[in-house]
Amino acid sequence: MNIADRIQNLRKAKGISQEELADKVGVSRQAVSKWESEQSVPDIDKIIVMSDYFDVTTDYLLKGIETEKQADAKAVNASIFVIVATVLNFIGLILSCAVWYEKQAATALVIGLVFMALGCMVFAIGLASSTRNVNKAKRTFWTINIWLLSFIPLSVVYNTLFSYGFSPYPLLSFSRLGLVALAVFWMVYTAICTGVVLIQVRRERQSNE
């Protein structure tokens, strides 16, 4: 990409015409047209005016050298994939519970696990393609999603042990043993999720030191 391409790309990104850029810089529209068609090169004073207007450096206009700020702006932010993955995992959990509540069918588990697998896949692909906030995205993902991803598997284990079926959420028995078992389930679930969250918090602190 040469200076002509950079001027044209910046102008189009700004959403202005050649005539509007000419007015901002103080030249004719034909001059801007010649810059963009490589028929001429803008004077240094016009380069300075355009660098201020487009909020880029003169080095970028002249040589294509990007500042760290410009590079960061173009980089893919991993946090976007955390949001998408979390939404998919949440939808999977809610749908799974809703389908089981209505039909008591094993397909409820399949629906939930498919959505969660898709959410984890989106997150993994996002990490592989991202260049910004990757480590922070990992910590954020697990801090939130451990509560979603572990709920169905732990519920299935709990319900299987007590012959309640394959519900994606813990089923309640009003017997003394059933109440104790349910209390144990919530303690184990909370302990596992809290442990993962504390690990992520510690990593966050270490990264800031």
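These exercises, each with a worked solution, concern a predicted model.

**Exercise 1. Cysteines**

Find how many disulfides the structure holds, and account for Cys120 and Cys193.

*Solution.*
- Start with the total. The structure holds 0 disulfides.
- Take Cys120. Its nearest cysteine sulfur is that of Cys193, 14 Å away.
- Apply the cut-off. A disulfide needs two cysteine sulfur atoms within 2.5 Å, so Cys120 is in no disulfide.
- Turn to Cys193. The nearest cysteine sulfur is that of Cys120, at 14 Å, and Cys193 is in no disulfide.
- Now check accessibility. Cys120 has 30% relative accessibility, so it counts as partly exposed. Cys193 has 0%, so it counts as buried.

**Exercise 2. The packing of α8 and α9**

Work out how helix α8 is oriented relative to helix α9, and which residues make the contact.

*Solution.*
- Locate the helices. Helix α8 covers residues 107–129, and helix α9 covers residues 134–149.
- Read the geometry. The helices pack at an angle of about 175°, with their axes 11 Å apart.
- Classify the angle. Angles over 145 degrees count as roughly antiparallel, so α8 is roughly antiparallel to α9.
- List the contact. Helix α8 supplies Met116, Cys120, Phe123 and Leu127. Helix α9 supplies Val134, Ala137, Lys138, Phe141, Leu148 and Leu149.
- Sort the residues. The contact of α8 with α9 has 9 nonpolar, no polar and 1 charged. Lys counts as charged, so the charged residue is Lys138 of α9.
- Link back to Exercise 1. Cys120 belongs to the α8 side of this contact, and Cys120 is partly exposed.

**Exercise 3. Ser96**

Decide whether Ser96 is buried or exposed, and find what its side chain reaches.

*Solution.*
- Place the residue. Ser96 lies in helix α7, residues 78–103.
- Check accessibility. The value is 0%, so Ser96 counts as buried.
- Follow the side chain. The Ser96 side chain reaches the backbone oxygen of Ala108 at 2.7 Å.
- Add the contacts. Beyond four places in sequence, Ser96 is in contact with Ala108, Leu109, Gly112, Ile152 and Pro168.

**Exercise 4. Neighbours in helix α3**

Compare the surroundings of Glu36 and Trp35.

*Solution.*
- Place both. Glu36 is in helix α3, residues 29–36. Trp35 lies in helix α3.
- Check burial. The relative accessible area of Glu36 is 10%, so Glu36 is buried. For Trp35 the value is 6%, so Trp35 is buried.
- Look for polar partners of Glu36. Its side chain makes a polar contact with the side chain of Arg11 at 2.6 Å. Another joins the Glu36 side chain to that of Gln18, at 2.9 Å.
- Compare contacts beyond four places in sequence. Glu36 touches Ala4, Ile7, Gln8, Arg11 and Gln18. Trp35 touches Ala4, Ile7, Val25, Val27, Ser40, Val41, Pro42, Lys46 and Met50.
- Gauge a long separation. The C-alpha atoms of Trp35 and Gly112 are 57 Å apart, with these positions 77 residues apart along the chain.

**Exercise 5. Positive phi**

Describe the backbone phi of Asp55 and of Gln104, and say where each residue sits.

*Solution.*
- Recall the background. Most residues other than glycine have a negative phi.
- Take Asp55. Its phi is positive, near 60°. Asp55 sits in the loop between α4 (44–54) and α5 (58–63). Its relative accessible area is 55%, so Asp55 is exposed.
- Take Gln104. Its phi is positive, about 50°. Gln104 sits in the loop between α7 and α8. Its relative accessible area is 48%, so Gln104 is partly exposed.

Notes. Residues numbered from 1 in each chain as written. Predicted model: local features only at pLDDT ≥ 70, side-chain atom pairs only at ≥ 80, totals over all residues. Heavy atoms only, no water. Buried < 20%, exposed > 50% of the residue type's maximum accessible area, 1.4 Å probe, protein only. Helix = DSSP H or I, 4+ residues; strand = E, 2+ residues; numbered from the N terminus. Polar contact = N/O pair within 3.5 Å; in protein donor to acceptor, adjacent residues only side chain to side chain. Contact = heavy atoms within 4.5 Å. Axes fitted to C-alpha atoms, helices over the stretch in contact; angles between N-to-C directions. Parallel < 35°, antiparallel > 145°, perpendicular 65-115°, else oblique.
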